[in-house]
Amino acid sequence: MARVCFSNVPLLKTCIGGLCPSLTFIQLGGYLQAHGHEVIIHDVAVELDTQAHTMDEILDHMVRRIVEIAPDILGLSAKVPADGRFTRDLIARLRPTLPGLVIIAGGIWATPADVPLLEAIEGLDAVVRGEGERGVLAIADRIDAGEVPIGPEVPGISYRDEAGQISQTPSAPPPRPEALPPLALDLMPSPDSYTIFPFLTSKGCPFDCTFCSEKVIFPQHIETPLARLEADLKRLDDFGRDYYLWLSDPLFGLDAQRTEAICALLGRSRFDFLLESRVDVLRPQQLPLLSEAGCEVIYFGLESASFETLKRLNKVRTRAAFERYLDMARAQIVGCMEADITPIFGVLNPVPGDTLEDLRLTYAFLKELEALAIDACHRSGEDPGFHFYSFQYRFIRGSDDFNQLDEMAARGATWLQDPSDAFRDIVLHDASPEIPFEVAMDFHKKVSALVRSTPIGFARMRRSFPSQPKGGLG
Ligand code: B12
Ligand code: SF4
């Protein structure tokens with residue numbers, strides 16, 4: 001039996017937002033446990049007041065704890081460059097103390113950053129690319145068998161070979177959701193410290209937006225069978241905590257019949273929940289059903305209301321699809337107000353190559369949504385509020401846009417970071433010659449000001465929002 005410890009960037013304990021365990025580690029850990037290995041999830045946020053301590057103190061604490069745990073393998077997860085910096089800093093402190101520990105990393109950022117990560121972090125033994133179950137199990141099994149843990153036989157890893165060159169082994173097909181063991185809730189350290197629980201009903205996305213890296217980990221959309229969902233939800237319900245469920249599927253609601261069945265399951269559970277979808281995917285007529293099942297908040301990735309922008313982002317391809325996109329957005333906001341659900345619309349404009357006309361169209365549409373929402377509130381007597389979140393555009397490693405930075409520059413986009421520094425986010429500065437940075441900032445402010453924050457909406461946001469990690473973005 002190998003002893004495997006997973007640890008992560010700590011979440012900040014703040015008065016807004018809740019602590020949320022890592023589903024990534026619960027899933028990977030459950031898989032290892034089911035194959036006879038011992039798993040410990042170390043979450044600093046349940047041990048330390050992460051807000052009151054500096055990053056140095058937190059790292060020292062983590063090193064002490066990992067030495068106490070004395071694992072054979074340490075697994076770290078990296079979603080964004082900030083996690084990469086954390087991984088680098090932790091390993092720099094840990095490696096001299098534990099020279100024989102096998103340290104591996106994985107995740108949606110680590111996967112496309114495998115080579116720069118290994119080049120920059122000498123103490124990192126391997127990056128497990130994509131879904132990590134098969135790779136980490138092979139490493140644990142090899143330790144158990146007394147074999148060299150990292151090598152060409154391990155599927156889906158990048159590592160330094162004997163010649164010191166970075167090698168990539170081919171991946172094995174990941175286990176189907178139904179082949180995974182039941183949710184390993186017993187692995188959660190201090191379950192009462194958490195208030196939010198991430199839960200997946202599917203993985204992957206059939207769309208292919210140019211700014212998104214979902215396909216890096218999950219190239220196919222795969223739905224968890226309903227029987228399996230029922231068993232996991234029952235398990236979570238029987239666990240006895242009133243977690244707020246964060247349905248973390250990148251795209252919920254693709255199939256109307258399935259949505260109805262999932263609503264029936266969630267309606268029988270103790271949980272309220274939030275979900276994420278696209279305006280043109282979720283059926284607005286199913287909003288009352290979702291509300292009855294406990295849905296309080298829906299995040300819609302609207303991104304823009306300009307045909308040109310949405311086409312560039314590959315969110316829509318034809319005028320007809322675009323018109324439907326806008327109609328569905330209108331129906332979603334009205335439907336949410338009537339069903340007492342708080343909608344959040346994410347807005348990505350300005351994106352590389354945008355014009356002032358793109359911004360004008362989006363803003364005018366948001367104003368239209370605002371008017372529709374207020375009118376719907378007056379009619380229905382419900383006032384769950386609504387939010388428009390304006391994001392500063394980032395080039396996400398693994399996305400098509402990141403892989404075509406030359407093309408982005410040709411559109412007039414600029415950024416201040418050095419793309420060869422994998423540990424920094426590349427954030428859009430000037431979107432185009434027409435939209436310099438200051439214009440973009442004004443637009444973000446104008447969009448964010450359109451929020452309608454009501455007491456119900458605010459309370460929902462507070463309880464459903466996970467705390468952000470210490471160290472943040474950047
Ligand atoms: C939960 C979550 C969070 C939680 C994490 C809580 C926690 N304690 O873990 C919180 C709230 C902290 C969070 C924050 C952010 N998040 Co987030 N988050 C998610 C979410 C919804 C689910 C993650 C998850 O549990 N997936 C399910 C598990 C099973 O999949 P997985 O994590 O990919 O793990 C598999 C493989 O990747 C691999 N693997 C992963 N790690 C490891 C480690 C090892 C050792 C091994 C062997 C394998 C391995 O094996 C796993 C099993 O197959 C994802 C979307 C998604 N659907 O994945 C976004 C997502 C990861 N988040 C994202 C973003 C952008 C953010 C924020 C920047 C948001 C913000 N604006 O502040 C911050 C990041 C700040 C930071 N410094 O980390 C993006 C990342 C895109 C990108 N590459 O930039 C995602 C993909 C959402 C999206 N499509 O936009 N997030
Ligand atoms: S942004 Fe959303 S809809 Fe587009 S590919 Fe990513 S997950 Fe799918």
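**Group meeting: two sheets, two ligands**

Okay, let's start with one pair of residues: Ser 277 sits opposite Phe 300, and that Phe is in β13. Before I go on, please keep in mind that this is a predicted model. The strands behind that pair are β12, residues 273–277, and β13, residues 295–303. They run parallel, and five bridges join them.

So what sheet are we in? How many strands does it have, and in what order? There are six, in an open sheet, and you read across it as β8-β11-β12-β13-β14-β15, with parallel pairing. At the edges you find β8, 196–199, and β15, 387–390, and each of those pairs on one side only. Going from one strand to the next, the twist averages 20 degrees. Now turn the view to find helix α16, residues 455–464, which packs on this sheet. Helix α16 touches β8, β11 (244–247), β12, β13 and β14 (342–347), and its direction makes about 85 degrees with that of β13.

While we're at β14, follow the chain out of it. The loop between β14 and α12 holds Pro 350, and the peptide bond joining Asn 349 to Pro 350 is cis, with omega at about -5 degrees.

That loop takes us to α12, so here's the helix pair. Helix α11, residues 319–339, packs against helix α12, residues 356–380; the angle is about 30 degrees and the axes are 8 Å apart. Why do I call them roughly parallel? Because angles under 35 degrees get that label, and that makes α11 roughly parallel to α12. Their crossing is right-handed. Who's touching whom? On the α11 side we have Leu 326, Ala 329, Arg 330, Ile 333, Val 334, Met 337 and Glu 338. They meet Phe 365, Leu 369, Leu 372, Ala 373, Ala 376, Cys 377 and Ser 380 from α12. By class, this contact has 11 nonpolar residues, one polar and two charged.

Okay, over to the other sheet. This one is open too, with seven strands in the order β2-β1-β3-β4-β5-β6-β7, and here the pairing is mixed. The edges are β2, 38–42, and β7, 166–168; each has a single partner strand, so one side of each is left without a neighbour in the sheet. Neighbouring strands are turned by 20 degrees against each other on average, ignoring direction. If you want to see an antiparallel pair, go to β6, residues 157–160, and β7, which are joined by three bridges. There, Tyr 159 stands opposite Ser 167 in β7.

Lying across β1 (3–7), β2 and β3 (73–77) is helix α1, residues 23–34, which runs at about 165 degrees to β2.

There's another helix pair to look at, α2 with α3. Their angle is about 55 degrees and their axes are 10 Å apart, which makes α2 oblique to α3. This crossing is right-handed. From α2 you get Leu 59, Met 62, Val 63 and Ile 66, and from α3 you get Asp 89, Leu 90, Arg 93 and Leu 94. That contact comes out as six nonpolar, no polar and two charged. Just past α2, in the loop to β3, is Ala 70. Its phi is near 50 degrees, a positive value in a residue that isn't glycine.

Now the ligands, starting with ligand 1. Which residues come nearest? Out of 43 around ligand 1, those are Gly 75, Ser 77, Gly 106, Glu 131 and Gly 132. And which element gives the largest share of that shell? That's α1, with four residues. Elements supplying at least two residues each include β3, α3 (81–94), β4 (102–106), α5 (133–144) and α6 (214–217). By class, the shell around ligand 1 splits into 24 nonpolar, 14 polar and five charged.

Last stop, ligand 2. Around ligand 2 you'll find Cys 205, Phe 207, Asp 208, Cys 209, Cys 212, Glu 214, Pro 250, Leu 251, Arg 278 and Gly 301. That shell has six nonpolar residues, one polar and three charged.

And that's the tour.

Technical notes
Residues are numbered from 1 along each chain as its sequence is written. Chains are lettered from A and ligands numbered from 1 in the order in which they are written. This is a predicted model: local features need pLDDT of at least 70, side-chain atom pairs count only at pLDDT 80 or more; totals for chains, interfaces and linings use all residues. A residue is near a molecule or strand if its C-beta atom, placed from the backbone, lies within 6 Å of it. Ala, Val, Leu, Ile, Met, Phe, Trp, Tyr, Cys and Pro count as nonpolar, Asp, Glu, Lys and Arg as charged, and the others, Gly among them, as polar. Two strands pair if DSSP finds at least two bridges between them. Axes are lines fitted to C-alpha atoms, for helices over the stretch in contact, and angles run from 0 to 180 degrees between N-to-C directions. Two residues are in contact if their C-beta atoms, placed from the backbone, lie within 7 Å. Angles under 35 degrees count as roughly parallel, over 145 as roughly antiparallel, 65 to 115 as roughly perpendicular and the rest as oblique. A crossing is left-handed if the near helix is turned anticlockwise from the far one by less than a right angle, and right-handed if clockwise.
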